[in-house]
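Could you walk me through this structure while I have it open in my viewer? I would like to know what to select at each stop and what is there.

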Amino acid sequence: MIKATQKPIDEIYEMVKGSKKVLIAGCGTCVTVCFAGGETEVNLLAAQLKMAAAANGEQFEIFKATPKRQCEKEFVAELAAKVMAVDAVVSIACGVGVQVLAEVYPKANVSPGLNTSFMGPPREQGFWYENCAGCGNCLLHHTGGICPIARCAKSLLNGPCGGSNGGKCEVSSDIDCAWSLIHEKLKAKGKLEGLNFISGPKDWSTARDGGQRTIVRKDLLLKNE
Amino acid sequence: MQEINNSSIPPCQNACPVKTRARDYVRATAMGRLEEAYKIITENNPFPSVCGRVCMHPCEEACRRNSIDEPISIAALKRYDSDYVNENGLFIDTSSIITSGKKVAVIGAGPSGLAAAVKVVEAGHKVEVFERNEKAGGMLRYGIPRYRLSDAALDEDIKRIEAKGVKINTGKAVGADINLDDLLQEYDAALVSVGLSDSRALPVEGMDAAGVHLAIPFLKSPKDTKAGNKILVIGGGNVAIDVAKTARRLNTNAEVTMACLECAEEMPASVWEIKEAIEEKIEIRNCMGPRKIEVKGGKAAGMRFITCASVFDKEGRFNPSFKEDEKHFIEADTIIVAIGQQADLSFLPGELTNNGRLIYDGGSLAVTEDGLFACGEVAKGPGAAIAAIAHGNDAGKAINQYLAGQEINLIENESEVIGELPAKVVKKIVKKERQQTSHVAAAVRIKNFDEFDNGLDKQQATKEALRCMDCGSGAFVNQDKCVACLTCVRVCPFNVAQIDKKTNVAEMPAEGCQACGACAADCPANAIDLGGYSLAEILEEVRAAKAQTVGFICQSGQEVNFPGVHQIRVKCPIRLSEGVFLESFAAGAKKVFVICHSQDDCRYIKGGDYVKRRVGYVKEILDNIGIGSATLEVFDKNQKEEIKAFLK
Amino acid sequence: MSKKLHSGSNLEKILAAGHFAVTGELGPPKSADAKVILDKATLLKGEVDAVNITDCQTAIVRTSSIASASLIKNKGVEPVVQMTCRDRNRIAIQSDLLGAWALGVKNLLCLTGDHQKFGNHPQSKNVFDMDSIQMVQAVRNMRDKKQFINGEEMDVAPSFFIGAVENPFATPFEYRALRLMKKIEAGADFFQTQIVYNIDKFKDWMKEVRKMGGHKKAYIMAGVAPLKSAGMAKYMKKFVPGMDVPDMWIERMEKAKEPKEEGINICVDIIKEMRKIEGVAGVHIMAIEWEEAVPTIVERAGLSPRPKIT
């Protein structure tokens with residue numbers, strides 16, 4: 001799922017300073033799961049903003065909403081009354097939600113309360129790591145199910161590089177060397193000869209590098225033209 | 001207190017004839033809300049002081065804590081709550097308003113009749129009770145000995161019943177003093193609740209000798225009976241035990257023996273009654289079939305028995321069989337027969353009775369079509385006091401329906417009962433010792449008729465009530481909000497939370513949930529709350545507190561107290577979320593602290609750890625806001641110096 | 001190994017003739033001062049068979065390798081241009097390769113490149129459009145097939161003597177020899193390894209390489225570097241990715257009365273060991289910011305004077 005973390009409170013406070021009424025809009029899906037923007041976090045941020053305001057001699061009237069998914073216009077449309085009532089909106093959805101909210105309410109002052117980071121799973125409760133870069137051309141069947149694009153700091157296709165040591169990436173000893181993992185995995189499966197194949201340069205045009213991507217399913221489009 | 005959001009009822013409630021919400025009054029008692037507890041107790045039972053002392057508590061036998069250590073002392077807690085109310089003169093409620101213009105006569109002021117009377121007066125009808133004895137109470141007064149139920153305690157319950165508007169006329173026998181037909185004319189409905197007031201005699205020779213007595217008259221005025229030195233009680237039930245223990249008090253040095261048909265395992269008397277009798281040096285002889293009373297000079301000299309081989313036949317009917325050649329003799333100068341009771345129906349016309357039993361409709365409790373009803377032992381046969389009260393509740397309901405012109409329907413929808421604790425949960429539950437009431441030593445108590453059970457004190461009662469597992473009032477999930485993030489599954493100390501395969505959202509099956517609140521506190525979607533001990537309620541209290549210092553105190557460490565601090569007592573701090581702490585500050589508190597009971601003894605295993613990690617996170621937030629993390633702390637209750645320093 | 005020469009460079013000729021080759025290294029300055037480059041080149045002229053020019057080593061901005069190579073070539077010093085994948089996409093890489101050949105550069109060393117976080121511009125975007133193996137392959141295809149990566153053909157194609165690096169000390173160890181073979185398959189003609197301090201481990205690696213016949217298909221040159229101080233040794237051990245510095249060298253450096261002298265001697269000792277190992281075709285001396293030590297090292301290692309081949 002999409003993972004994000006809350007921005008520092010003073011950064012958020014700067015965004016809404018001077019406003020009288022603030023809406024904190026959370027999201028009931030991805031950011032709920034990673035404890036960044038669900039209903040519980042909306043309540044926590046509300047309390048923090050209230051205290052930050054008080055410390056500065058200000059006062060906010062705080063509204064709250066947690067639509068099921070902030071990336072769906074229908075759910076976001078339900079917030080109309082609250083959005084109209086306030087002079088600032090802090091969205092603690094992922095970047096996707098913030099943009100949809102801003103699009104549905106073009107006149108509203110929408111600020112992002114989160115830094116959206118990556119796509120990845122939990123390793124255990126409370127620890128999440130990046131494992132998919134959305135490159136648009138998945139090659140996981142060649143690498144034992146471990147993605148070198150997302151997990152290798154250099155996105156190598158013929159790794160590991162010479163900086164790999166002790167199974168860790170040269171960038172940080174907290175990060176596993178993806179190619180070390182791939183090597184281990186293929187070895188365990190008895191498929192090490194797969195690493196002898198020279199992968200040619202990747203076609204990055206399917207990734208973000210090729211420009212904004214879209215997916216169109218003609219069978220699902222409802223407008224008749 | 002928040003409504004419980006679970007349609008299943010706990011086994012304690014299910015086992016109770018009046019369906020007392022035992023779990024809920026135990027919880028109220030645990031949190032020190034004794035008046036609330038009393039209200040719950042008396043929803044369906046106007047005899048809390050009585051039942052707290054004499055009820056045979058089927059709830060405790062059904063209590064699911066039996067599979068862990070020992071059942072909750074539900075009856076003793078009832079006594080504790082009612083003692084508190086009685087001592088403080090509370091709930092003498094004269095607010096019943098009699099408006100309907102209808103009036104009801106109740107014949108017999110025993111537990112079933114008075115229970116019915118309360119239901120009728122609460123519906124707005126006038127009620128007059130006619131009791132032939134000098135005092136109200138029926139068997140509660142004249143059958144149960146004073147050392148089990150004092151006059152004072154019984155009077156407290158009756159005082160409150162009368163305060164509601166139930167008029168009790170004592171010394172008035174229907175039949176002898178009041179004409180039944182006149183009664184039936186004058187009142188819009190009448191209730192026969194005369195109980196089983198006569199003892200059954202043994203069909204053996206010698207019953208009319210001097211020194212032979214029947215249980216009921218003996219128990220009614222024991223001091224009028226001359227007790228000899230060798231006292232024999234015939235019978236194996238609780239009444240026989242009452243008789244034996246009463247006899248013991250009349251002559252502390254006498255040999256007192258009980259003889260009954262049943263073998264030890266079959267004896268109908270309650271296990272604890274038997275134990276107390278043996279403590280009072282009462283000998284119990286099992287498998288004894290009475291044959292004949294030996295009489296010498298017109299006085300009882302003893303009884304002859306043969307061995308009783310079995311009491312019930314293959315179909316379970318009472319059909320004793322004997323071994324004629326195994327003979328026994330017990331010497332006795334006083335023989336008291338306690339083999340059962342029967343009704344005195346002499347005041348009723350013959351067509352309403354058959355073979356000494358009242359003819360009545362078991363479904364509607366109606367004796368006649370035009371408003372005569374019956375309830376209690378006279379209708380149903382012998383039973384416990386609480387069963388009589390239940391039947392009285394039904395009769396009251398039937399009479400109210402009758403007076404309203406409705407068809408009588410006493411059928412209640414059966415509730416589902418929460419099932420057994422799963423084995424994997426049983427393994428994890430922390431055992432806690434049952435708080436026992438102390439009894440006055442046998443050698444001392446037999447010298448008088450004072451109550452010898454000392455009851456629970458405040459500390460014991462709180463500890464005991466905290467052992468309750470809150471069956472069925474645990475966590476419930478708002479399915480619209482739940483995103484199956486698996487947090488509750490991971491944090492549950494008892495591995496109860498799971499994702500329901502059908503709904504794909506989280507659930508905490510009532511059979512296992514211990515109502516600790518850990519999941520509700522950690523849920524990122526705010527989708528979980530508890531049936532009892534609600535997180536939402538704690539938040540409300542926090543927001544309304546407007547105090548400088550807020551303390552969350554584990555009720556297990558209930559002896560600590562802090563003047564000047566807004567104290568919020570919780571069953572365990574494991575239910576406190578990060579939001580609760582933060583909102584305390586947002587609401588204006590300058591200092592917030594938590595006192596855990598004792599982190600290696602937490603009843604929910606993870607209490608200390610979970611509180612620490614959440615407090616750690618909130619401390620970071622407080623630092624980032626500029627309030628500073630030293631304003632929030634968590635303590636073990638033993639850290640007295642540190643707590644003192646923090647509060648300065 | 002008499003093969004047809006690809007580039008005709010001095011280095012290639014020396015290796016092809018079976019001599020134990022010696023290369024040096026030159027790190028360009030963090031400024032646009034050509035004189036610094038030329039002075040360093042002067043120090044190395046004639047002492048080694050070719051001189052590597054690093055490409056923004058450890059992601060620190062320095063004068064470009066190709067520009068520096070062109071400068072020293074004009075002074076009669078043969079360059080080995082190093083090129084990383086970190087900063088250029090395939091368009092820039094191919095463009096630079098054309099330019100380098102046009103300027104007369106004949107030796108090319110292909111590297112992945114240290115991650116930008118180690119350098120002085122850690123906020124920069126990393127490119128890594130290709131990795132080192134893909135680069136080797138691309139250069140070989142340019143040379144042998146006269147093709148760009150996209151398959152388009154060119155008239156005059158660069159014909160580099162293609163080098164690659166391998167780190168015998170990085171993990172997974174068991175994969176390192178295989179990776180060398182993969183690079184040979186991609187087109188590597190010669191290798192320069194990561195700096196050898198752990199001789200035993202290097203010997204183990206060479207054993208694996210020999211098993212696979214790698215030493216017969218490509219020229220393997222062991223990387224060596226003189227230690228300046230015990231501190232430098234410790235720093236490399238702790239902070240430089242892929243370095244393996246046994247404690248015995250650190251102890252020798254700590255005990256030495258003249259550390260620099262000791263450092264040179266250790267280097268010489270290691271070179272002598274390298275010469276004994278079957279399959280090692282030469283050494284690559286990395287005297288980082290200490291180019292003046294190189295002549296001494298070469299001499300004491302008995303590798304002076306360098307052979308002259310026409």
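**Stop one: two helices that cross**

Start by selecting α3(A) and α22(B): α3(A) passes α22(B) in a left-handed crossing, meaning that the near helix is turned anticlockwise from the far one by less than a right angle. Helices here are DSSP runs (H or I, at least four residues), numbered from the N terminus.

A word on the model: it is predicted, so local features need pLDDT of at least 70 and side-chain atom pairs count only at pLDDT 80 or more, while totals for chains, interfaces and linings use all residues. Residues are numbered from 1 along each chain as its sequence is written, with chains lettered from A and ligands numbered from 1 in the order in which they are written.

To find the pair, pick residues 39–55 of chain A for α3 and residues 578–586 of chain B for α22; their axes come within 9 Å and cross at roughly 20 degrees. Axes are lines fitted to C-alpha atoms, for helices over the stretch in contact, and angles run from 0 to 180 degrees between N-to-C directions. The two helices, α3(A) and α22(B), are therefore roughly parallel (an angle under 35 degrees).

**Stop two: the chains**

Now colour by chain. Of the 2 pairs of chains that touch, A and C share the most contacts (C-beta atoms, placed from the backbone, within 7 Å). Chain B and chain C do not touch, and their nearest C-alpha atoms are 26 Å apart.

**Stop three: inside chain B**

Select 11–91 + 421–466 for domain 1 and 199–341 for domain 3, two of the domains assigned in chain B; such bounds come from an automatic or database assignment. The C-alpha centres of these two domains of chain B lie 32 Å apart.

How values were computed
Parallel < 35°, antiparallel > 145°, perpendicular 65-115°, else oblique.
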